[in-house]
2 protein chains.
Amino acid sequence: MNAIKILSDYKMSRTNGRVKILEELLMTDVALSERELQTRLEGICDRATIYRTLKSLTSKGVIHKIATESTVAKFVIKKTPDDHIHFKCTDCGRIQCLTGIVPNNVKLPEGYIKKETNFLIIGICKECSENVQ
Amino acid sequence: MNAIKILSDYKMSRTNGRVKILEELLMTDVALSERELQTRLEGICDRATIYRTLKSLTSKGVIHKIATESTVAKFVIKKTPDDHIHFKCTDCGRIQCLTGIVPNNVKLPEGYIKKETNFLIIGICKECSENVQ
DNA sequence: ATATTTTTGCAACACTGTCGCAAATATCAT
DNA sequence: ATGATATTTGCGACAGTGTTGCAAAAATAT
Ligand SMILES: [Zn+2]
Ligand SMILES: [Zn+2]
Ligand SMILES: [Zn+2]
Ligand SMILES: [Zn+2]
């Protein structure tokens, strides 16, 4: 995937900031916060611009915001439109999409209508559990 | 369940604020934020006290914090220690525990260790879907 | 190249959550 | 009940996140 192509596909003006933000997001499979993006971009654009870009990319469905118990929002490229599970490591703090496994269908009680899911498993990631040994 | 008994069980000093906060939480099955508690308690105690109480009740396992994509933390009485699913209604905004259904076991990839889960389903709740008709 | 539209940076803002500290309150031991 | 001790509270200050209005800047369309 290519940052410039995505912007043109979604009819978003191709500005320097947006290209760089998207390139950072495309480069990693770990969810990033605005703050983390800002340090990676070394102040190439303003906080407000990053927030605005994250918001529009989310509404277009290019990235998605991961629900966690923390107050800082984290965003990651959406590789598949399907429901999937997120994993948060308590050791390294990284949050990523687990695309391999599929969340089993849960049957909601009568009257409830599902729109989307936000499944998060908290634990120790592969890398951190290997480093312990 | 009784607020005063809970405090004594967990060896927490029985202060007016704590009793009132717990009573509010026991009274509803909808997750509440600090802000919502404050308005319900009509300023019976300080913001900081509410935050501190929510924190200690969470660490004792009396209540739990629900992970959502929003930045405000919501807390609800923990009725069961088991994994369960939360439901957030996009219409009325309410968040509640779905204790009836059990999240099916997902098999994590090699090397990943699960500690806890945070499953959230977003959609329309029973009450709101009935009101539409 | 110019006109039009969109986006940016800045500053200000509201809000959430945390912390130190002195005063207030609760608990404990007589 | 009284006083000693331990815990909690309210207050104010603070850091951090995310949003917005607005003029300047940049991108797109003509
Ligand atoms: Zn890890
Ligand atoms: Zn994901
Ligand atoms: Zn509803
Ligand atoms: Zn719950």
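Partly exposed describes a residue with a relative accessible area between the buried limit, under 20%, and the exposed limit, over 50%. The legends below refer to a predicted model.

**Figure 1. Zinc ion (ligand 1) and its cysteine donors in chain A**. The SG atoms of A:Cys89, A:Cys92, A:Cys125 and A:Cys128 coordinate the zinc ion (ligand 1) at 2.3 to 2.4 Å. Because the 4 donor atoms subtend angles of 105 to 115° around the zinc ion (ligand 1), the arrangement is tetrahedral. The ideal angle for four tetrahedral donors is 109.5 degrees. Along the sequence, the donor residues follow the spacing C-x2-C-x32-C-x2-C. A:Cys92 and A:Cys128 link distant parts of the chain, 36 residues apart. A:Cys92 sits in the loop between strand S3 (85-89) and strand S4 (95-98) of chain A, whereas A:Cys128 belongs to helix H5 (residues 126-132) of chain A.

**Figure 2. Accessibility of A:Cys92 and A:Cys128**. A:Cys92 has a relative accessible area of 33% and is therefore partly exposed. A:Cys128 has 10% relative accessibility, so A:Cys128 counts as buried.

**Figure 3. Protein surface near DNA strand D**. Of the 23 residues around DNA strand D, the nearest are A:Arg14, A:Ala73, B:Thr15, B:Thr49 and B:Arg52. By class, this surface has 7 nonpolar, 7 polar and 9 charged residues. Helix H4 (47-60) of chain A and helix H4 (47-60) of chain B each supply at least two residues; H4(A) gives the most, with 5 residues. Sugar or phosphate accounts for 66% of the atoms of DNA strand D within 4 Å of the protein, and bases for the rest.

**Figure 4. Polar contacts to DNA strand D from A:Arg47, A:Tyr51 and B:Asp46**. A polar side-chain atom of A:Arg47 is 3.0 Å from a base oxygen. An N or O atom in the side chain of A:Tyr51 lies 3.1 Å from a phosphate oxygen. From B:Asp46, a polar backbone atom is 2.9 Å from a phosphate oxygen.

**Figure 5. Protein surface and polar contacts at DNA strand C**. Among the 23 residues that surround DNA strand C, A:Thr15, A:Thr49, A:Arg52, B:Arg14 and B:Ala73 are the closest. The side chain of A:Arg52 places an N or O atom 2.9 Å from a base nitrogen of DNA strand C. Phosphate oxygens of DNA strand C lie 2.8 Å from a backbone N or O atom of B:Arg14 and 3.0 Å from an N or O atom in the side chain of B:Tyr51. H4 of chain A and H4 of chain B are the elements that give two or more residues to this surface, and the largest share, 5 residues, comes from H4(B).

How values were computed. Residues are numbered from 1 along each chain as its sequence is written. Chains are lettered from A and ligands numbered from 1 in the order in which they are written. This is a predicted model: local features need pLDDT of at least 70, side-chain atom pairs count only at pLDDT 80 or more; totals for chains, interfaces and linings use all residues. Side-chain values use heavy atoms; hydrogens and water are left out. Donors are N, O and S atoms within 2.8 Å of the metal (3.2 Å for Na, K and Ca); water is not among the atoms, so sites may look incomplete. Four donors count as tetrahedral if all angles lie between 85 and 135 degrees; four count as square planar and six as octahedral if opposite donors are over 155 degrees apart and all others between 65 and 115; anything else is irregular. Helices (H or I, at least four residues) and strands (E, at least two) are DSSP runs, numbered from the N terminus. Buried means under 20% relative accessible area, exposed over 50%, partly exposed in between (1.4 Å probe, protein chains only). A residue is near a molecule or strand if one of its heavy atoms lies within 4 Å of it. A polar contact is a pair of N or O atoms within 3.5 Å; within protein, one must be able to donate a hydrogen and the other to accept it, and residues adjacent in sequence count only if both atoms are side-chain atoms. Ala, Val, Leu, Ile, Met, Phe, Trp, Tyr, Cys and Pro count as nonpolar, Asp, Glu, Lys and Arg as charged, and the others, Gly among them, as polar.
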